[in-house]
Amino acid sequence: MSDNTNTSAVVTIRYVVMSILNQLQEYSMKDYKYLAQLVIEGYTDINLWTLGTVNVVYVSMDPDSKILNFPSDMVDYYKIGYINNGRVYNLTLNDDLALPRATSCGHTLNDFNAGNINFGYYYTDHYYNGTYNNKLFGLGGGLNDSYYRIDKERNCILFSNNLPSKDFVIEYKSTGVSLTSQTLIPRQAVKTLQNYVHWQRIEHDVRVGANQKDRKQNLYLQELEKLRDFEYTPTMQEYLDSLYEDIKQVPKR
Amino acid sequence: MNKAQLIELVQINCSGGRVSKDVHGKYHPLVLERYIELAYSSLLVGSYEKNPKNIDLYQKVYPSVSFTFDKTRGMHYSELPAKLVELPNQAAIVHVGPQKDHNYGFAPVSSGSGPIFGELEVNLIDDVPEYIVEGTNIYYPNITDDYNPVLMKLIPVFSAFGRLDTIYMPKGQDTALFGIVNQLMQSLKITPEDLNNDNNSKQV
């Protein structure tokens, strides 16, 4: 680890709250919990719509019911696959799978035939079981040999019954706020969060004029736009990679 | 100026000069202290309303306020160590926190906020100890015994200061205190106005 003397690239929720209190020159803890809740709501919102964070979870399915409960913080999923011999196979969405309502969760589903397997997706780099996994290959949609259906009513996923594994990997969009460990907020989102809180503080106050509310909202939207630029703009290297990918050397004529 | 000096000065002021023996009894220091308390609190509230950030000089630190467990309510609590100046938004409680960690403070919450925060994420992810002020007690809904006793920085009323404690007055309001005390005493006939021009300081 290098001996870095610069400030941290990530901060905590408490840091953001304290920075807001400092901006207000309010040197007491009187509004701490109120502001902390606003920061949590603001960060959840920014995380869902602007930040490109992805969570990965390994879960085991109940082999009898073929049902897998969502992680409690999962808002939406990116990829669902199962692990077989160290590889991840993507599954395909099939909204024709019958949802087990008439009987118990142990309802038997139809078998589906395996298809050709030619393509794959990258999974986000992550740690699992003490091992760093980078670029696990999933297999392409539409060519998979097993299927799933999302059961939003019961907050779970239903699988077809020809799965060779009960261990799954889900790549998903989380709320971004951890209940069990420290939530780390990227530095580039701090100013956006501060402006979000300053706007929300007055937004529901009937004593504050509409022009003030509009101004605070605009300041927030400006910061949000800056954050979007930061998040979505590729680096020069990524741009060059993309450029060179399509360049081919051909014989001169 | 310390508290004893201030009381003496007010006493001299009320008597119109040097305090003679008979006047000394008339303006008893304990009675004067109560009047100064009213004037002092009034001046502090006025000063706070003008500039809420300028209250550090008026606080008193209580470094060792212990709390006990209230079995009936299932919460720890401690009694406020002093009567407080009634500043808006409970500003008279400047800080409640661990005895030695200056960088950490407890978060005040209003008495009715429990059911609301109880349903929100902030209560699940932030374990900062809270306190609720109820009359003369402070309740701590989520404190642990490790924090016992706690440190409090309060803005107490005048009578809570010791005789030798330095008393700070709001900027430019030093002399106003004498006027307010005189006015209060006049209105309550503690210092009846001498209407007779008979060269006699006694009111009889």
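These are my notebook entries on selected elements of chains A and B in a predicted model.

**Entry 1: chain B as a whole**

I began with the inventory of chain B, which holds six helices and eight strands. Reading from the N terminus, I noted the order of elements as α-α-α-β-β-β-β-β-α-α-β-β-β-α. Of its 204 residues, 41% count as buried, and I recorded an accessible surface of about 11,800 Å², 51% of which belongs to carbon and sulfur atoms. I then turned to the contacts in chain B with a separation of 6 or more, and found that residues 24 or more positions apart account for 70% of them.

**Entry 2: helix α1 of chain B**

Helix α1(B) covers residues 3-15, and I compared its reach with expectation: the 13 residues extend 19 Å from the first C-alpha to the last, close to the 18 Å expected at 1.5 Å a residue. I listed its buried residues as B:K3, B:A4, B:L6, B:I7, B:V10, B:Q11 and B:C14. Looking down the axis of α1(B), I saw that these buried residues fall within an arc of 165°, so they line one face of the helix. As background to that pattern, I kept in mind that an α-helix has 3.6 residues a turn, so residues three or four places apart point the same way. At the start of α1(B), I also found a side-chain oxygen of B:N2 that comes to within 3.2 Å of the backbone nitrogen of B:A4.

**Entry 3: the open sheet of chain B**

Next I traced an open sheet of five strands in chain B, ordered β2-β3-β7-β6-β5, with mixed pairing. Its edges are β2 (68-70) and β5 (107-108), each of which has a single partner strand, so one side of each is left without a neighbour in the sheet. For the β5 edge I checked the partner: two bridges join β5(B) to β6(B), residues 130-134, and the two strands run parallel. Within that pairing, B:P108 has B:Y131 of β6(B) as its bridge partner.

**Entry 4: strand β12 of chain A and its neighbours**

Moving to chain A, I asked which residues cover each face of strand β12, residues 156-159. A:C156 and A:L158 lie on one side and A:I157 and A:F159 on the other, and all of them are buried, so to speak of either face is to speak of a covered one. I then followed the pairing of β12(A): strand β3 (residues 67-69) runs antiparallel to it and is joined by three bridges, with A:L68 standing opposite A:I157. Strand β11 (residues 147-151) also pairs with β12(A) in the antiparallel sense, over four bridges, and here A:Y148 stands opposite A:F159. The hairpin of β11(A) and β12(A) has four residues between the strands, and in it A:N155 takes a positive phi near 55°.

**Entry 5: helix α4 of chain A**

I checked the length of α4(A), residues 210-232: its 23 residues should span 33 Å at 1.5 Å a residue, and the end C-alpha atoms are 32 Å apart, which agrees. The buried residues are A:K213, A:Y220, A:E223, A:L224 and A:L227, and I found that they pack against α2 (32-49) and α3 (190-203) of chain A.

**Entry 6: A:S174**

Is A:S174, in strand β13 (residues 167-174) of chain A, buried or exposed? I read a relative accessible area of 4%, and under 20% counts as buried, so A:S174 is buried. Its side chain makes a polar contact of 2.8 Å with that of A:D73. Leaving aside residues up to four places away in sequence, I recorded that A:S174 touches A:N47, A:L48, A:N55, A:D73 and A:V75.

Technical notes. Residues are numbered from 1 along each chain as its sequence is written. Chains are lettered from A and ligands numbered from 1 in the order in which they are written. This is a predicted model: local features need pLDDT of at least 70, side-chain atom pairs count only at pLDDT 80 or more; totals for chains, interfaces and linings use all residues. Side-chain values use heavy atoms; hydrogens and water are left out. Buried means under 20% relative accessible area, exposed over 50%, partly exposed in between (1.4 Å probe, protein chains only). Two strands pair if DSSP finds at least two bridges between them. The expected span of a helix is 1.5 Å times one less than its number of residues. The arc is that of the directions from the helix axis to the C-beta atoms. A polar contact is a pair of N or O atoms within 3.5 Å; within protein, one must be able to donate a hydrogen and the other to accept it, and residues adjacent in sequence count only if both atoms are side-chain atoms. Contact means heavy atoms within 4.5 Å. Accessible areas come from the Shrake-Rupley method with a 1.4 Å probe; for residues, only the protein chains shown count as cover.
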